[in-house]
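I opened this entry to record a helix pair, the nonpolar cores and one buried position, in the order in which I looked them up.

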Amino acid sequence: MTPEFQPLHDTAFRGFASDNYSGVHPEVLAAIAGANGGHQVAYGDDDYTGHLHEVFARHFGDPVEVFPVFNGTGANVTALQSMLPRWGAVIAASTAHINVDEGGAPERVGGIKLLTVPTDDGKLTPELVDREAWGWGDEHRAQPLVVSITQTTELGTAYSVDEIRALADHAHERGMRLHMDGARISNAAASLGLPLRAFTRDAGVDVLSFGGTKNGAMLGEAIVVLEPEASEGLKYLRKLNMQLSSKMRFVSAQLVALLDGDLYLRNASHANAMASRLRDALDAGIAAGELPGLSFTQATQSNGVFAALPGGVADRLRDRGFKFYDWDAARGEVRWMCSFDTTEHDIDAFVTGIREELARAHPSAE
């Protein structure tokens, strides 16, 4: 008999640092186990990857090409490589994951020049794109050929359909393509109340990096080609970038579990709802004068809450066991992320902790 595995961590603990901290949704684990019997052809010629193409076609329409990969950085770098010649460049927000959190992989692995633009809310606009959309034909300048946006953004904000369409039209009119980093695309669907196709293919997105890990998968993302002419060589680039899984059925089975029904939407809706619960409770406390020194730096439109705290409060909260990251420590800005398994009790306990530490920082407000 196989001995039962004993967890090495407190399985009741949940924090607010990242939606990557969460475990794997039970339905996704069940899908992995269900795909485990017998043998299947390796490297993507399996029944689960074949079915995954049908599932994505249902959500995004035809024609569609789907390339499962291991992680979000691999999806972004490989997708962008397929959209660009060697001399091409990508316009992105300065806060974009490809610029801030991928360890230089787009540049070092992908050989891609990033042209970044500051933006207060993480979202690009046609006017912001034009700050870097110039110099075509100039041999001294990397050629701006792709605009990359993140949905939802790294600041928790969500692009509307009209905003994405405006960017797509603007890019296409100038001979550029539109890439979407959809690490939290399910949260966007829940926030907008729209099907995935409505703010991707129908809004003019050419190539999409589809995120599963932050939505309850163990690992697994997918590069989704919505416009065949916008991408070339993914069959080879995926292998070149070490993103081709030999036992791909287990990656595909996870994405099937999320998308064959409505699990992706249930998970995202819950995470968003928990962020809204946190924001609403704190807004009410601010309005009542009970949370001195707390303010918000971004709209709460998905599963992230961005706030500013007085000096020392963030560290004291972390000392109490509430895990979260500083976003901009110089101005006391923090990021609180909710996940598919965040509970109302987690939120209420955190609100109580924030209330107590703010009162400690401002004793006259008690």
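I began with the handedness of one helix pair in this predicted model, and I noted that α11 passes α13 in a right-handed crossing. I then looked up the geometry: the axes of α11 (residues 263-287) and α13 (residues 344-361) come within 10 Å and cross at roughly 30°. Because angles under 35 degrees count as roughly parallel, I entered α11 as roughly parallel to α13.

Next I listed the residues at this contact, where Met-274, Arg-277, Leu-278, Ala-281 and Leu-282 of α11 meet Glu-344, Ile-347, Asp-348, Phe-350, Val-351 and Ile-354 of α13. Sorted by type, the residues of the contact are eight nonpolar, no polar and three charged.

I turned to the largest nonpolar core, which has 52 residues, and found that Phe-56, Leu-124, Val-147, Ile-149, Ile-164, Leu-196 and Phe-210 touch the most other members. Helix α10 (residues 249-259) supplies the largest share of this core, seven residues. For Ile-164, leaving out residues up to four places away in sequence, I noted contacts with Ile-149, Gln-151, Tyr-159, Leu-178, Met-180, Phe-199, Ala-203 and Val-205. Apart from the largest core lies another, of 24 residues, and its members include Met-274, Leu-278, Ala-314 and Trp-336.

Last, I went back to helix α10 for Ser-252. Is Ser-252 buried or exposed? I recorded Ser-252 as buried, because its relative accessible area is 0%. Setting aside neighbours within four places in sequence, I found Ser-252 in contact with Tyr-48, Thr-49, Leu-52 and Pro-68.

Note on methods. Residues are numbered from 1 along each chain as its sequence is written. This is a predicted model: local features need pLDDT of at least 70, side-chain atom pairs count only at pLDDT 80 or more; totals for chains, interfaces and linings use all residues. Side-chain values use heavy atoms; hydrogens and water are left out. Axes are lines fitted to C-alpha atoms, for helices over the stretch in contact, and angles run from 0 to 180 degrees between N-to-C directions. Helices (H or I, at least four residues) and strands (E, at least two) are DSSP runs, numbered from the N terminus. Angles under 35 degrees count as roughly parallel, over 145 as roughly antiparallel, 65 to 115 as roughly perpendicular and the rest as oblique. A crossing is left-handed if the near helix is turned anticlockwise from the far one by less than a right angle, and right-handed if clockwise. Contact means heavy atoms within 4.5 Å. Ala, Val, Leu, Ile, Met, Phe, Trp, Tyr, Cys and Pro count as nonpolar, Asp, Glu, Lys and Arg as charged, and the others, Gly among them, as polar. A nonpolar core is a set of buried Ala, Val, Leu, Ile, Met, Phe, Trp, Tyr and Cys residues joined through side-chain atoms within 4.5 Å. Buried means under 20% relative accessible area, exposed over 50%, partly exposed in between (1.4 Å probe, protein chains only).
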